[in-house]
Amino acid sequence: MNVLEVDGLTVVLPGGSHRPLVDGIALRIGAGEVVGLVGESGSGKSVTARSALGLFPARSRVTGSVRVAGTEVVGLAGEALRRLRAEQAAMIFQDPRASINPLRRVGDFLTEAVRTNRGWARARSRDRVVELLGEVGIADPGAAMRRYPHQFSGGMLQRVMIAAALAVDPMLLLADEPTTALDVSTQAEIVAILLRLQAERGMGMLFVTHDLELAASICHRIAVMYAGRIVEEQPADRLFRAPRHPYTQGLLAATPTLPSATGGAVQASGRLVPISGRPLSLTDTPPGCAFAPRCPRAIALCTATAPDLHTSGAERVACHRADESVGAGG
């Protein structure tokens, strides 16, 4: 069963002078599956993730379909949208301090969320919050409930936000770069908590990150975005062994080598090679492949015609020369 199905999602800002924030996105996430969404800043990762909650930019024009557990999100509003956010999907944002009222105690914040979304009495809600805080590894949950957000470290406060997301028992968990603002050791702890709870509850999870090493270690599949489009999607292990799109190959060539979770390496050692050129701005609307100005393999066809996203088994790639690139990334 798919907990997220995105088909042809396009989001365009008002005014008509910009290219789409996301352009024809298609994505699937099954129950119990972790899918990574990677790409540089401005590629459309966060817009794609937030679409599952109906969080589209103000006055944007949205076409296509986004279904969460069978419920169509595009066009959903009012009580129906509130129920979807309260019962089926939840999101963990990058900065926990921007997601919680600094003037309220953590316990009040969490208890109110449980009471509002589940309709439980205060005592039952409090017991559930204590249980959730324990599940995310916060010692002495009863005392933690009486503290204010500023009394928590960034890592501990992100655990609170994970507890808040899990309070509704979602089928789909959206994690939008939840470890970016944390130090390396705390990142590892947060990721371990997320994966444990995701597996225990059988949730589908969309993990948005710019960290290829992290995506390789935790995701079943990885989709790579560039300039609002998915340019490649493969099972995580194969993507790092044999990337087919030149952009994916460029990202891997610019990634430092570190031991992977399986004891190998995600990239052969050697000199790091940066991707030349600059990312497209929203006002850049090339007729062909968006990556062509930066691609060392571009030909005339690439600059004239945008490639379709072709599917072959578990792989998808949008490149006119993809068949020539098999194995080029190692």
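Here's a quick tour of one sheet and the helices that pack on it. Keep in mind that the model is predicted. UniProt lists residues 4-252 as "domain: ABC transporter", and the entry is unreviewed. Over that stretch the chain is 40% helix and 24% strand, with the end C-alpha atoms 28 Å apart.

**The sheet**
- Eight strands make up an open sheet with mixed pairing, and the order to trace is S6-S7-S8-S3-S9-S10-S12-S11.
- Its edges are strand S6 (89-92) and strand S11 (310-312), each of which pairs on one side only.
- Ignoring direction, neighbouring strands of this sheet are turned by 20° against each other on average.

**Zooming in on S9 and S10**
- Strand S9 (residues 221-226) and strand S10 (residues 229-235) run antiparallel, joined by six bridges.
- Want a pair to look up? Alanine 223 has glutamate 233 in S10 as its bridge partner.

**Helices on the sheet**
- Helix H6 (residues 154-166) packs on the sheet, where it touches S6 and strand S7 (172-176). The direction of H6 makes about 170° with that of S6.
- Helix H10 (residues 246-253) packs on the sheet too, touching S9 and S10, and its direction makes about 100° with that of S9.

**A closer look at H10**
- How many of the eight residues of H10 are buried? Seven are, so H10 is largely enclosed by the rest of the structure. Buried here means under 20% relative accessible area.
- Those buried residues are Pro246, Tyr247, Thr248, Gln249, Gly250, Leu251 and Leu252.
- What do they pack against? The buried residues of H10 pack against helix H8 (212-218), helix H9 (236-241), S9 and S10.

How values were computed. Residues are numbered from 1 along each chain as its sequence is written. This is a predicted model: local features need pLDDT of at least 70, side-chain atom pairs count only at pLDDT 80 or more; totals for chains, interfaces and linings use all residues. Side-chain values use heavy atoms; hydrogens and water are left out. UniProt positions are given in the numbering used here, feature names are shortened, and annotations may be inferred rather than shown by experiment. Helices (H or I, at least four residues) and strands (E, at least two) are DSSP runs, numbered from the N terminus. Two strands pair if DSSP finds at least two bridges between them. Axes are lines fitted to C-alpha atoms, for helices over the stretch in contact, and angles run from 0 to 180 degrees between N-to-C directions. Contact means heavy atoms within 4.5 Å. Buried means under 20% relative accessible area, exposed over 50%, partly exposed in between (1.4 Å probe, protein chains only).
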